[in-house]
Amino acid sequence: LNGNGRVCEETKQRILQAAQEMGYLANSSARAMKSGRFGSVALLLSTVANRSRVSDELWNGIHDELALHDLHLTMAKLDDEELCDGAKVPKLLREWMADGMLIDYTHAIPPRLLELIHGHHLPAIWINSQQEGDCIFPNDLDAGRRAARHLVEIGHQRIVYFDFSHGDRHLHHYSARDRRTGVLEVLRAARRRDEVIELTPGDYDLHRATLRQLFGAKNAGKWGASAYGKHEVQMILAAAGEAGWSVGRDFSLISFGSSGEIYSGYRISTLVVPEREVGRCAVGMLREKIENPQQSLPPVAVPFGWCAGDSCIPGGFQAV
């Protein structure tokens with residue numbers, strides 16, 4: 001039944017047919033006791049809003065790679081008090097009947113949790129979080145550079161970076177810092193005029209007023225823009241439309257997010273977050289970590305994809 005017996009093919013098929021007719025199922029508990037493994041992985045999420053985000057693509061990547069290796073998934077959400085409990089954390093894997101865990105806790109991580117994970121050598125891989133090791137995340141720094149490089153290559157002299165989603169970026173996800181840094185690195189190396197507009201999340205009146213003023217400057221046309229994400233894109237297109245501007249004709253726009261998204265009838269050129277690949281690779285890293293919990297795996301930064309839309313002025317434009 002386990003494939004290890006030395007029997008002829010005819011006997012093997014008779015045994016398997018008999019087992020099927022009798023409804024035989026392998027005893028997973030007995031198998032776990034014998035191997036010392038549960039054949040399961042836990043996905044740990046925070047109960048704090050916006051500190052854990054599992055998209056459909058990330059789910060699919062995790063699921064597909066687990067299925068490939070006949071592994072199962074357990075999901076758990078714990079508050080910070082439980083995650084910092086020195087008596088509870090070492091027992092988590094046994095309580096969840098899991099061999100290791102994927103941690104999707106993206107920012108403002110309690111230092112005590114990091115200490116407990118490392119101190120007890122729990123097999124864990126951090127997703128969407130930059131750590132010294134045992135982590136995997138989209139390469140937002142490189143994506144920011146690529147967005148700026150594209151705008152430079154099509155000739156823009158003035159390029160604006162928008163982020164209305166984070167405010168004080170030091171308190172939020174690393175992507176806010178890295179996208180901005182990547183954009184500015186390229187612009188300053190190319191000696192292009194750069195401008196950063198970062199506003200407090202939720203202050204829509206201020207967002208609208210700032211954009212109206214920007215698009216109201218009639219001599220400021222034909223510039224390039226890079227936006228942190230979909231909220232910024234929606235606000236930019238609405239303000240441009242009110243001012244009679246057209247993206248791809250009067251200014252260029254590149255964003256970061258999912259592939260093939262359309263806003264107000266425009267396909268926005270997008271650096272595509274590699275969430276499926278992050279999920280797939282995270283499972284592979286965790287399998288390696290389970291085999292050797294003492295080993296620290298180097299951080300893995302996964303490159304973004306590229307989806308060309310119709311939101312950039314065609315190449316060869318020389319801005320004034």
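Two residues are in contact when heavy atoms of theirs lie within 4.5 Å. The exercises below apply this idea, among others, to a predicted model.

**Exercise 1. Describe the surroundings of Gly-257**.

Solution.
Step 1. Locate the residue: Gly-257 belongs to strand β9, which covers residues 251–257.
Step 2. List its contacts. When residues up to four places away in sequence are not counted, Gly-257 touches Thr-270, Leu-271, Val-272 and Val-273.
Step 3. Consider one of these partners. Leu-271 is 14 residues from Gly-257 along the chain, and their C-alpha atoms are separated by 6.4 Å.
Step 4. Classify the exposure. Buried means under 20% relative accessible area. Gly-257 has a value of 16%, and therefore it is buried.

**Exercise 2. Give an overview of the protein's secondary structure, burial and contacts**.

Solution.
Step 1. The secondary structure consists of eleven helices and 14 strands.
Step 2. The protein has 320 residues, of which 46% are buried.
Step 3. Take the contacts between residues at least 6 apart in sequence: 76% of them join residues at least 24 apart.

**Exercise 3. Compare the spans of helices α1, α8 and α11 with their expected values**.

Solution.
Step 1. Helix α1 comprises residues 9–21. Its 13 residues, at 1.5 Å a residue, should span 18 Å, and the end C-alpha atoms are 18 Å apart, so the two values agree.
Step 2. The 16 residues of α8 should span 22 Å at 1.5 Å a residue; the end C-alpha atoms are 22 Å apart, so there is agreement here too.
Step 3. Helix α11, with 17 residues (275–291), reaches 25 Å from its first C-alpha to its last, which is close to the expected 24 Å.

**Exercise 4. Identify what covers the buried residues of α8 and α11**.

Solution.
Step 1. In α8, the buried residues include Tyr-174, Ser-175, Asp-178, Arg-179 and Arg-180.
Step 2. Their cover includes the strands β5, β6, β7, β8 and β9, together with helix α7.
Step 3. In α11, Glu-275, Val-278, Gly-279 and Lys-289 are among the buried residues.
Step 4. The cover of α11 includes helix α3 and the strands β1, β3, β4, β5 and β13.

**Exercise 5. Characterise the largest nonpolar core and one of its members, Ile-117**.

Solution.
Step 1. The core has 24 residues; those that touch the most other members are Leu-44, Trp-96, Met-101, Ile-103, Ile-117 and Trp-126.
Step 2. At least two residues each come from β1, β2, α5, β3, α6, β4 and β5.
Step 3. Helix α6 supplies the largest share, four residues.
Step 4. Apart from neighbours within four places in sequence, Ile-117 is in contact with Val-89, Met-101, Ile-103, Leu-122, Ala-124 and Trp-126.
Step 5. A second, separate core has 23 residues, including Phe-162, Trp-223, Ile-236 and Phe-251.

**Exercise 6. Describe the largest pocket and its lining**.

Solution.
Step 1. The space in the largest pocket is about 1000 Å³.
Step 2. It is lined by 37 residues, and Arg-53, His-173, Ser-175, Arg-179 and Tyr-228 are the closest to its centre.
Step 3. The elements giving two or more residues to this lining are α8, α10, β9 and α11.
Step 4. By class, the lining has eleven nonpolar, 15 polar and eleven charged residues.

**Exercise 7. Examine the positive phi angles of Ala-108 and Asp-134, and decide whether each residue is buried or partly exposed**.

Solution.
Step 1. Recall the background: most residues other than glycine have a negative phi.
Step 2. Ala-108, which is not a glycine, has a positive phi of about 50 degrees. Asp-134, also not a glycine, has a positive phi of about 55 degrees.
Step 3. Place both residues. Ala-108 lies in the loop between β3 and α6, and Asp-134 in the loop between β4 and β5.
Step 4. Classify them. Ala-108 has 42% relative accessibility and therefore counts as partly exposed. Asp-134 has 5% and therefore counts as buried.
Step 5. Add two residues that follow helices. Gly-23, just after α1, takes a positive phi of about 70 degrees, and Arg-191, just after α8, takes one of about 55 degrees.

Terms used. Residues numbered from 1 in each chain as written. Predicted model: local features only at pLDDT ≥ 70, side-chain atom pairs only at ≥ 80, totals over all residues. Heavy atoms only, no water. Expected span 1.5 Å × (residues − 1). Buried < 20%, exposed > 50% of the residue type's maximum accessible area, 1.4 Å probe, protein only. Core = buried A, V, L, I, M, F, W, Y, C linked by side-chain atoms within 4.5 Å. 1 Å grid on protein atoms, 1.4 Å probe; cavity = no way out; pocket = protein on both sides within 12 Å on 5 of 7 lines; lining within 4 Å. Points joined across faces, edges and corners; volume = space filled by probe spheres on them. Nonpolar A, V, L, I, M, F, W, Y, C, P; charged D, E, K, R; others polar.
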